[in-house]
Amino acid sequence: LKRDPKYAQVTEEHINFFWRLLGSESALIDGVTKDATDDIEPFNADWMRKYRGHTKLVLKPSSTEEVSKVLKYCNDNMLAVVPQGGNTGLVGGSVPVFDEVVINMSRMNQIRSFDDVSGTLVADAGCILEVTDNFLKEKNYIFPLDLGAKGSCHIGGNVATNAGGLRLLRYGSLHGNVLGIEAVLPDGTIVDDLSTLRKNNTGYDLKQLFVGGEGTIGIITGVSILCPRRSNAVNVAFLGLESFEKVQEAFKEAKGQLSEILSAFELMDSYSQDVVYQVTKNNRPLESEHPFYCLIETSGSNSDHDNEKLEKFLEHVMDKNIVSDGVVAQDATQVKSLWGWREGIPESLGYWGGVYKYDVSIPISELYGLVEETREKIAGAGLIGGSDEHPVVSVVGYGHMGDSNLHLNVAMRRYDKRVEALLEPFVYEWISKRNGSISAEHGLGLAKKKYIGYSRSDTMIRLMKQLKDLYDPNGIMNPYKYI
Ligand code: FAD
Ligand code: MLT
Ligand code: ZN
């Protein structure tokens, strides 16, 4: 990749404009003039420390009008920009590739309104997911999305990536839950589509382009989102199983027996749990070890009723030899600690040095085959093992079984070109042959830029490019990424 010379470099004149507009507190610079105002390295590095940009300017607008003025100025002056939320994205989309200006949304963090009859929340894009969910908790509502990065990610970032997370099985995708969007186009136009209506069939549903758009056509400044009632009773079971066939049977049974109260069905292989154990040294939930584990969550309105259903389900699947061992959380602390074995995987995987991540959709019967084949391939090349000479620590599979969404991850002592050559395009070809998706919920960003053709036809890519050119004719929005 080469820096495109059509983009301007940040000058003192630009800085003066932004300082006048936002104040020096909200326009952080390093390297443009002699006096740096701040350390801007954290805005240049992604969560995995895999991608590093070289921005010299970070802007933190605090209103939609400021975003509009910033973008218009950047567009008029050919300054490329990267919208940034909590910077927890996993495909290198939230950091600059070269010296693009970072537009960080953390100052736009106000709840605008909440209607406790319909459950409609309207909030700034920079609200942190967990903070927003805590606000809703007080009203007995829940944000329809939950994920491990909740303490840092923004709801605008969630919408921009169309994040899936741990409860999509129950509450569905953001494409359904987002009722309205306010966004700013590169020329400063404010897209005023912050509808709070559940139904609104008046022409094209343009807001959907921003859901999962990864900051390539505009900046989301506000979202209106439908929030469900919070369940009074939340139960969690943690199961050990002997094969992936049994995992599928357990999933079928869970859907049948737990039906309307099932809120999560997560898969973890033994390798992923070994990694969490090695890093956290926490007591394992089950006495014996198994090739596969599942975490099942139920959310309902009656604790006794739900508990009885879950216990009965567990009895049934154990009697039928579908599940070898299982435990049901007895209190909220145990619920949290069982979830820790699932939510702790991404962080634990990064413990040694690096991780290659593949977030994919595959027809469910073949889901785990990819992990097995990848592990064999890497073992066959002698690249995996317990000592320092082996670059690979472990090949693990986990994910959102309920959505046929697998996370194949390769934990590394250090990034290694030989391993990369084994993984790509192998993984993408494997998925394409089965009509899967090379990006289930994380997006394409920079990581999968070259590979979109494995999941989208030439016609679809051409249509995407036409839309991109329409909304962002100068190409200033998040350049060098997938489109
Ligand atoms: P960023 O990382 O800052 O940005 C992500 C992308 O969105 C970038 O392309 C950026 O340019 C764009 N963007 C950000 N804000 C805006 C905006 N306001 N307007 C326009 N574009 C914008 N993802 C899942 O789907 N499911 C999971 O279960 C899940 N779990 C995770 C667990 C961990 C520990 C981590 C680190 C990540 C996880 N993710 C998961 C990845 C996920 O994409 C993000 O956590 C989240 O959705 C990104 O939000 P963010 O605010 O951090 O966005
Ligand atoms: C998860 O499900 O834990 C997230 O998508 C993060 C990851 O893939 O590691
Ligand atoms: Zn995930």
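Here is a walk through this structure, from its domains down to one small sheet. Keep in mind that you're looking at a predicted model.

Let's begin with the big divisions. The protein splits into domain 1 (1–230), domain 2 (233–345) and domain 3 (350–442). Take domain 1 and domain 2: their C-alpha centres are 35 Å apart. Where the two touch, domain 1 puts in 5 residues and domain 2 puts in 7 residues. What classes of residue does domain 1 bring to the side that touches domain 2? There you'll find 2 nonpolar residues, 1 polar residue and 2 charged ones.

Now for the sheet. It's an open one made of 4 strands, and if you step across it you meet them in the order 1-2-4-3, with mixed pairing. Why do strand 1 and strand 3 each have one side without a neighbour in the sheet? Strand 1 (27–29) and strand 3 (81–84) sit at the edges and each has a single partner strand, so one side of each is left open within the sheet. The strands aren't perfectly lined up, either: ignoring direction, neighbours in this sheet are turned by 20° against each other on average.

Let's zoom in on one pair. Strand 3 runs parallel to strand 4 (residues 101–104), and 4 bridges link the two. You can pick out a facing couple here: Val 81 is opposite Val 101 in strand 4.

Finally, look for the helix lying against this sheet. Helix 1 (residues 12–22) packs on the sheet and touches both strand 1 and strand 2 (57–59). Compare directions, and helix 1 makes an angle of about 145° with strand 1.

Notes: Residues are numbered from 1 along each chain as its sequence is written. Chains are lettered from A and ligands numbered from 1 in the order in which they are written. This is a predicted model: local features need pLDDT of at least 70, side-chain atom pairs count only at pLDDT 80 or more; totals for chains, interfaces and linings use all residues. Two strands pair if DSSP finds at least two bridges between them. Axes are lines fitted to C-alpha atoms, for helices over the stretch in contact, and angles run from 0 to 180 degrees between N-to-C directions. Domain bounds come from an automatic or database domain assignment. Ala, Val, Leu, Ile, Met, Phe, Trp, Tyr, Cys and Pro count as nonpolar, Asp, Glu, Lys and Arg as charged, and the others, Gly among them, as polar.
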